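Trainee: I have a model open and I'd like to learn how to read its charged pairs and a helix. Can you walk me through it?

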Amino acid sequence: MKTALTISSKKAAKYIRSGGIVAFPTETVYGLGANIFNPHAIEKIFTAKKRPADNPLIAHVENLGQIELLATNICNSAEKLIKEFFPGPITLVLPKGEKIPAVATAGLDTIGVRMPRSDMAIEFLRECGMPLAAPSANLSGKPSPTTWQAVYEDMFGKIDCILQGKTTEIGIESTVVDCTDEIPLVLRSGAVTIEELR
């Protein structure tokens, strides 16, 4: 496979819409995106990253309305965190909707949802016209990439396209908060601190 390089969100989105996988910048790290509703595309992410199948993926949305396509039964604490921190470097684990393929969530009945605040990420998601499953764009076990050049080193020849943006603003992964119960639980520390969450 030859990996395309582009600075055009519109060109990169064409690969997503045709079932491909694309690396793209967010404010945290570069993500590796696929159509969240296309199980075959999602499987390409696991293959490219050599990622264990029992490791669920995070979904990225470009507007709050898309959350309803992915999740159900959003509790009060989740609504508060969405209001306060979306868009931003935080992922909320929510009860998943019935249209989400099991491969995306490793068979779990929950899904991690995040809305990046990076302008290029939002533009790219908008051009795709759908939420994306998107873990970090690196081989499993290697550092998460903060530049498109780092993605190139790990992923060239394994993915369809790299959307070339600037070095990521934050450089560490999003904070992950389980919101399936009324009392939120931090599952992964990240860019948003526990003090800010409290």
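**Salt bridges and a helix face**

Mentor: Let's start with one pair: E169 and R117 join their side chains in a salt bridge, with N and O 2.8 Å apart. Keep in mind that this is a predicted model. The bridge ties together distant parts of the chain, 52 residues apart: E169 is in the loop between β8 (161–163) and β9 (175–178), and R117 is in the loop between β6 and α5 (119–128).

Trainee: Is E169 buried or exposed?

Mentor: Exposed means over 50% relative accessible area, so E169 counts as exposed at 56%. Its partner R117 is partly exposed, at 36%.

Trainee: How many salt bridges does the rule give?

Mentor: The count is four. Another one joins R114 and E27, where the closest N and O atoms are 2.9 Å apart. That pair also links distant parts of the chain: R114 is in strand β6 (residues 110–114) and E27 is in the loop between β2 (22–25) and β3 (30–35), 87 residues apart.

Trainee: Are R114 and E27 buried or exposed?

Mentor: Both R114 and E27 are buried.

Trainee: Which residue does D154 pair with?

Mentor: D154 meets K142 in a salt bridge, 2.8 Å from N to O. D154 belongs to helix α6 (residues 148–155), while K142 lies in the loop between β7 (132–133) and α6, and the two are 12 residues apart.

Trainee: Why does D154 count as buried?

Mentor: Buried means under 20% relative accessible area, and D154 has 5%, so D154 counts as buried. K142, at 44%, counts as partly exposed.

Trainee: How do I read the buried side of a helix?

Mentor: Begin with the general idea: an α-helix has 3.6 residues a turn, so residues three or four places apart point the same way. Now the case here: V151, D154 and M155 are buried in α6. They sit on the same side of α6 because they cover an arc of only 75° around the axis.

Trainee: What covers the buried residues of α6?

Mentor: The cover includes β2, β3, α2 (39–49) and β8. So D154 plays two parts in your picture: D154 is one of the buried residues of α6, and D154 also forms the salt bridge with K142.

Trainee: Which residue with a positive phi follows α6?

Mentor: That's G157, with phi near 90°.

Key:
Residues are numbered from 1 along each chain as its sequence is written. This is a predicted model: local features need pLDDT of at least 70, side-chain atom pairs count only at pLDDT 80 or more; totals for chains, interfaces and linings use all residues. Side-chain values use heavy atoms; hydrogens and water are left out. Helices (H or I, at least four residues) and strands (E, at least two) are DSSP runs, numbered from the N terminus. Buried means under 20% relative accessible area, exposed over 50%, partly exposed in between (1.4 Å probe, protein chains only). The arc is that of the directions from the helix axis to the C-beta atoms. Contact means heavy atoms within 4.5 Å.
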